[in-house]
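Student: I want to learn how to read charged pairs in a model. Please walk me through a case.

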Amino acid sequence: MIIVQNKKRCRKLIYIGLLALAVFLVFWAYSSSQSAMATCIFCDIISGKSPTKFEVETDDYVIFKDIKPASDHHYLAVPKRHTESVVALTKNDIEVVNTLESGMRKFLATKGIESNQTLLGFHMPPFITVKHLHLHGIAPRSNMSFLMRFIFKPHSAWFKLVDEAKEYLQNKS
């Protein structure tokens with residue numbers, strides 16, 4: 001009887017801890033995105049005002065390493081045209097998502113990373129830390145910590161895989 005009660009109590013504490021973590025991440029993401037920055041850091045990176053090594057640069061986007069990697073390989077594909085997030089895109093902008101996805105897949109392939117090891121997706125407002133559209137390319141998924149698996153959880157309210165983002169845009173009126 002005591003063991004059963006302890007298991008229930010342990011589960012309850014775990015659920016409370018996960019809920020507290022989720023609330024913390026929401027507030028952290030919101031406060032980070034509301035900072036008093038006069039300019040967009042990604043726009044500064046693209047324009048050369050902030051020193052960042054580009055892995056890929058085209059007329060439409062750049063790819064560079066994430067400063068807080070979630071796994072061994074964590075890159076961002078960032079369009080040169082400033083758009084706040086997937087939510088700010090329209091049905092007519094699906095090609096932007098296709099271009100970022102295609103570029104990221106080609107780049108990761110040059111690193112010897114197979115598609116089945118890769119996580120490609122976007123954070124959704126208010127869970128974005130930089131208000132400039134960017135596609136995360138993360139691999140291998142198996143090397144992500146528990147916290148990173150939570151932050152980049154596919155099919156969640158806060159992180160959408162590329163196909164989910166395309167579906168969202170396709171259904172937008």
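**Reading the salt bridges**

Tutor: Start with glutamate 101, which is buried at 12% relative accessibility. Buried means under 20% relative accessible area, exposed means over 50%, and partly exposed lies in between (1.4 Å probe, protein chains only).

Student: What should I know about the source?

Tutor: This is a predicted model: local features need pLDDT of at least 70, side-chain atom pairs count only at pLDDT 80 or more, and totals for chains, interfaces and linings use all residues. Residues are numbered from 1 along each chain as its sequence is written, and side-chain values use heavy atoms, leaving out hydrogens and water.

Student: How many salt bridges does the structure hold?

Tutor: Side chains of opposite charge can pair when their charged atoms come close. A salt bridge is a side-chain nitrogen of Lys or Arg within 4 Å of a carboxyl oxygen of Asp or Glu. The structure holds 5.

Student: Which residue in helix H5 forms a salt bridge with glutamate 101?

Tutor: Lysine 166, with the closest N and O atoms 2.7 Å apart. Lysine 166 lies in helix H5 (residues 162-170) and glutamate 101 in helix H3, so the pair ties together parts 65 residues apart in sequence. Helices (H or I, at least four residues) and strands (E, at least two) are DSSP runs, numbered from the N terminus.

Student: Where do arginine 105 and glutamate 101 lie?

Tutor: Both lie in helix H3, 4 residues apart, about one turn of the helix. They form a salt bridge, with the closest N and O atoms 3.1 Å apart. Arginine 105 is partly exposed at 36% relative accessibility.
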